[in-house]
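Student: I would like a close look at a single part of this model. Please take one helix and its surroundings, and then follow the connected elements outward in one continuous account.

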Amino acid sequence: MRLAAIDIGSNAARLLITDVIAGLQGNPEFIKVVLVRVPLRLGFDVFDKGEIPPGKVEKIIKTIKAYKLLLDVYDVKYLRACATSAMRDAVNTAEVIKKVKSETGIEIQIISGQQEASLLYENHIAETMDTRESYLYIDVGGGSTELSFFSDGKLIFKESFNIGTIRLLKNQVTEAAWSAMKEFIRTRTKGYHHVTAIGSGGNINKVFSLSKRKEGKPLTLDLLRDYYKEFSTLTVEQRISIYKLREDRADVIVPALLIYINVMRWADADEIFVPKIGLADGLIHNLYEEVKNRQVEV
């Protein structure tokens, strides 16, 4: 079965095409076929001016048209397209969705922060790890951070906060917002056994890649602090030159690290696993369950 997901975030839009096959023990295995990323950077307009400007609307349409061609080439039958924080906040979102549907035939669904956290949990990474641990999923985006907490095989909470990399760059995150997140994390993770973080998002994946860690090995909180200090002393141009970062990664990686570090500190987590998962993967898992249930009903 071939499935696809489109995730339109505050910093970039991603297309993920995945094959789902029956594993050796009958469980489905998800094999990534294609992952394409376009840095639309909607948050820079929306969080500043409250709407998606005409030029960006055209870029969204061109991006979706390009994705549609790839969907056709790869014979994808099932697709789910979603948008998150920036399009949640934009005053002209309904108009943009209507225009995209009219010109591409693809309907974009706006999902809430809670839905976003739930979809990230759909990856079920914690279920394959040590059940004696508690796990905190941390997904940092341009407009929001989604948290899901998992202990003893049970989901304890999922929550979304409007603290994201682009909002931080735009100085739109108040001390009160930070305090609310800190209080929530400390209160809701208190009393559970040792907490290990699971990170998703392009920035933590980039840090993992730079660290040269072996697949499956965690990053330490101290290492994230070291990268934060190092990147903070450099200009965006220097980060691009020294670390070979794309421009649309070089500016957001510092606020992203700040969010991961704070969340881990408040949850008393000293390690973070980076299993290369994201919202698009959660969308694929969710879509697979829907399609499977539909086929059973038929």
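**Helix 12 and its surroundings**

Tutor: Helix 12 lies across strand 6, strand 7, strand 9 and strand 11, and it runs at about 160° to strand 6. The model is a predicted one, and the account below starts from this helix.

The strands beneath the helix belong to an open sheet of six strands with mixed pairing, in the order 8-7-6-9-11-10. Its edge strands are strand 8 and strand 10 (219-220), each of which pairs on one side only. At one edge, strand 7 (residues 145-151) and strand 8 (residues 154-161) are antiparallel and share seven bridges. Within this pair, Phe149 has Phe157 of strand 8 as its bridge partner. Two residues lie between the strands of this hairpin, where Asp152 adopts a positive phi near 50°. At the other edge, strand 10 is joined to strand 11 (residues 271-273) by two bridges, again in the antiparallel sense. Here Thr220 is placed opposite Glu271 in strand 11.

Helix 12 (residues 253-267) also packs against helix 8 (residues 202-211), at an angle of about 95° and with the axes 9 Å apart. Angles from 65 to 115 degrees count as roughly perpendicular, and the two helices, helix 8 and helix 12, are therefore roughly perpendicular to each other. On the side of helix 8, the contact involves Asn203, Ile204, Lys206 and Val207; on the side of helix 12, Ile253, Ala256, Leu257 and Tyr260 take part. Sorted by class, the residues of this contact are six nonpolar, one polar and one charged.

Helix 8 leads on to the largest pocket, which holds about 760 Å³ of space. Of the 38 residues lining this pocket, Arg14, Gly201, Gly202, Asn205 and Arg249 are the closest to its centre. Two or more lining residues come from each of strand 2 (13-22), strand 3 (28-38), strand 6, helix 8 and helix 13 (279-297). Helix 8 gives the largest share of the lining, with six residues. By class, the pocket lining comprises nine nonpolar, 16 polar and 13 charged residues.

Two of the contributors to the pocket, strand 2 and strand 3, direct attention to another sheet. This open sheet has five strands in the order 3-2-1-4-5, and its pairing is mixed. Strand 3 and strand 5 (109-110) form the edges with a single partner strand each, so one side of each has no neighbour in the sheet. Strand 2 runs antiparallel to strand 1 (residues 2-8), and seven bridges join the two. In this pairing, Leu3 stands opposite Thr18 of strand 2.

Returning to the strands under helix 12, strand 6 (134-140) and strand 9 (195-200) each provide at least two residues to the lining of the largest cavity. The structure contains one cavity of 30 Å³ or more, and the largest cavity encloses about 30 Å³ of space. Its lining consists of Leu120, Tyr137, Ile138, Asp139, Ile198, Gly199, Ser200 and Ile277. By class, the cavity lining has five nonpolar, two polar and one charged residues.

In summary, helix 12 lies across four strands, namely strand 6, strand 7, strand 9 and strand 11, and meets helix 8 through residues that include Ala256 and Leu257. Helix 8 in turn supplies six residues to the lining of the largest pocket, while strand 6 and strand 9 contribute to the lining of the largest cavity.

Methods. Residues numbered from 1 in each chain as written. Predicted model: local features only at pLDDT ≥ 70, side-chain atom pairs only at ≥ 80, totals over all residues. Heavy atoms only, no water. Axes fitted to C-alpha atoms, helices over the stretch in contact; angles between N-to-C directions. Parallel < 35°, antiparallel > 145°, perpendicular 65-115°, else oblique. Contact = heavy atoms within 4.5 Å. Nonpolar A, V, L, I, M, F, W, Y, C, P; charged D, E, K, R; others polar. Pairing = 2+ DSSP bridges. 1 Å grid on protein atoms, 1.4 Å probe; cavity = no way out; pocket = protein on both sides within 12 Å on 5 of 7 lines; lining within 4 Å. Points joined across faces, edges and corners; volume = space filled by probe spheres on them.
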